[in-house]
Amino acid sequence: MTTSHRDFDHLARPRVRDFYALNHTRQTYAFVSSKRREYLPLRRRRMGIWQALEALGQIVDDSDPDLDLPQIDHALQTAEALRADGRPRWLVLTGFVHDLGKVLCLFGEPQWAVVGDTFPVGCAFSQRIVFPELFADNPDSTHADYASEVGVYTPGCGLDRVRMSWGHDEYLYHVLQDHLSDEALAIIRYHSFYAGHREGAYDFLMNDDDRKLFEHVRDFNRYDLYSKSSERPDFASLRPYYEDLVADFLPDRLQW
Ligand SMILES: [Fe+2]
Ligand SMILES: [Fe+2]
């Protein structure tokens, strides 16, 4: 474990800032609404967890300052770190699948609409989001309805009513919605919402249920971040365990 994870200030790779320039400019309320209409009917594909994982094999996340490894390695590293700590099976499963929404890349979505930190749209962008200055060119920053602190929401309305920037978290939440617990689903849906779960921004949109669930999101985050290593897990020897685990919680096929 190092203390340098998510160190955006000493970027070895300028591509992370370039990534957020696109992400923060183009994630608008209208954009999110159009992607929800496009994807959330979940009529694109019928496939199992393993097919999704294999499809993701080659994707490397441009927004991640920590990791140059394929997603399959990250899935296994996260889940194995949870397993090594003796955490419950549902949480190991959650770690294993949490990033599978990145199959959006395979459907042709650019990385700025798939990965990176997420944040609410439809209300003012918080200064506690990474690279807040990069929202300057987002049209919602000066929009009559979306630029005020509360925007289109009411205080305490609960995050379920809040539109988050579009990406792999929200998408996978909808794919798995009928199959996992509220805790697992909150982890999947909000794991990239760093402004919320780490910086404490947007508390005015949350209700008490959200605050309880965010304890699980924060607990999970350590494993998502600090399990990252350049050592590649041995997929072949781990596969039988994960096949059983997936089969225990999820159907053979899911709607994507
Ligand atoms: Fe993620
Ligand atoms: Fe992750």
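**Entry 1: Tyr20**

I began with Tyr20, which counts as buried because it has 23 C-beta neighbours inside 10 Å, where 20 or more are needed. The model I am reading is a predicted one. I placed Tyr20 in helix α1, residues 15-26. Leaving out residues up to four places away in sequence, I listed what Tyr20 touches: Gly116, Val130, Phe131 and Leu134. I also took a long span from this residue: Tyr20 and Asp248 lie 228 residues apart along the chain, and their C-alpha atoms are separated by 38 Å.

**Entry 2: the chain as a whole**

I counted ten helices and two strands in the chain. Read from the N terminus, I get the order α-α-β-α-α-α-α-α-α-α-α-β. Along the principal axes, I find that the C-alpha atoms fill a box of roughly 55 × 40 × 35 Å. I checked the radius of gyration: the chain has 18 Å, and a compact globule of 256 residues would have one near 18 Å, so the two agree. I noted that 40% of the 256 residues count as buried. I then looked at contacts with a separation of 6 or more, and 76% of them join residues 24 or more positions apart.

**Entry 3: the nonpolar core**

Which residues have the most contacts inside the largest nonpolar core? I found Phe96, Leu100, Val103, Leu172, Ile188 and Val217, in a core of 63 residues. I listed the elements that give two or more residues to this core: α1, α2 (29-39), α3 (49-55), α4 (71-84), α5, α6, α7 and α9. The most comes from α7, which gives six residues. As background, I note that nonpolar side chains tend to be buried together in soluble globular proteins.

I followed up Val217 from that core. Setting aside neighbours within four places in sequence, I find Val217 in contact with Ala186, Ile187, Tyr190, His191 and His197.

**Entry 4: helix α7 and its partner α6**

Since α7 gives the most to the core, I looked at its burial. Seven of its nine residues are buried, so I describe α7 as largely enclosed by the rest of the structure. I wrote down the buried ones as Ala184, Leu185, Ala186, Ile187, Ile188, Arg189 and Tyr190. I then asked which helices the buried residues of α7 pack against. They are α5 (89-97), α6, α8 (194-197) and α9 (208-226).

I took the α6 pair further. I have α6 at residues 168-176 and α7 at residues 182-190, with axes that come within 7 Å and cross at roughly 150°. An angle over 145 degrees counts as roughly antiparallel, and α6 and α7 are therefore roughly antiparallel to each other. From α6, I find Asp169, Glu170, Leu172, Tyr173 and Leu176 meeting Leu185, Ile188, Arg189 and Tyr190 of α7. I sorted this contact by class and got six nonpolar, no polar and three charged residues.

**Entry 5: Ile49**

I turned to Ile49, in helix α3. Ile49 is buried because 25 other C-beta atoms lie within 10 Å. Not counting residues up to four places away in sequence, I find that Ile49 touches Val97, Leu100, Val246 and Leu250. For one of these, Leu100, I looked up the spacing: Ile49 and Leu100 are 51 residues apart along the chain, with C-alpha atoms separated by 8.0 Å.

**Entry 6: positive phi**

I looked up two residues with positive phi that are not glycine. For Leu42, I read a phi of about 55°. I placed Leu42 in the loop between α2 and β1 (46-47). Leu42 is partly exposed because 14 other C-beta atoms lie within 10 Å.

For Tyr202, I read a phi near 65°. I placed Tyr202 in the loop between α8 and α9. Buried or exposed, by its C-beta neighbours inside 10 Å? I have Tyr202 down as buried because it has 22 of them.

**Entry 7: Asp252**

I closed with Asp252, in the loop between α10 (235-249) and β2 (254-255). Asp252 counts as exposed because it has 11 C-beta neighbours inside 10 Å. How far apart in space, C-alpha to C-alpha, are Asp252 and Met47? I get 7.8 Å, for two residues that are 205 residues apart in sequence.

Note on methods
Residues numbered from 1 in each chain as written. Chains lettered and ligands numbered in written order. Predicted model: local features only at pLDDT ≥ 70, side-chain atom pairs only at ≥ 80, totals over all residues. Axes fitted to C-alpha atoms, helices over the stretch in contact; angles between N-to-C directions. Helix = DSSP H or I, 4+ residues; strand = E, 2+ residues; numbered from the N terminus. Parallel < 35°, antiparallel > 145°, perpendicular 65-115°, else oblique. Contact = placed C-beta atoms within 7 Å. Nonpolar A, V, L, I, M, F, W, Y, C, P; charged D, E, K, R; others polar. Buried ≥ 20, exposed ≤ 12 C-beta atoms within 10 Å, placed from the backbone. Rg over C-alpha atoms; globule rule 2.2 N^0.38 Å. Core = buried A, V, L, I, M, F, W, Y, C linked by C-beta atoms within 7 Å.
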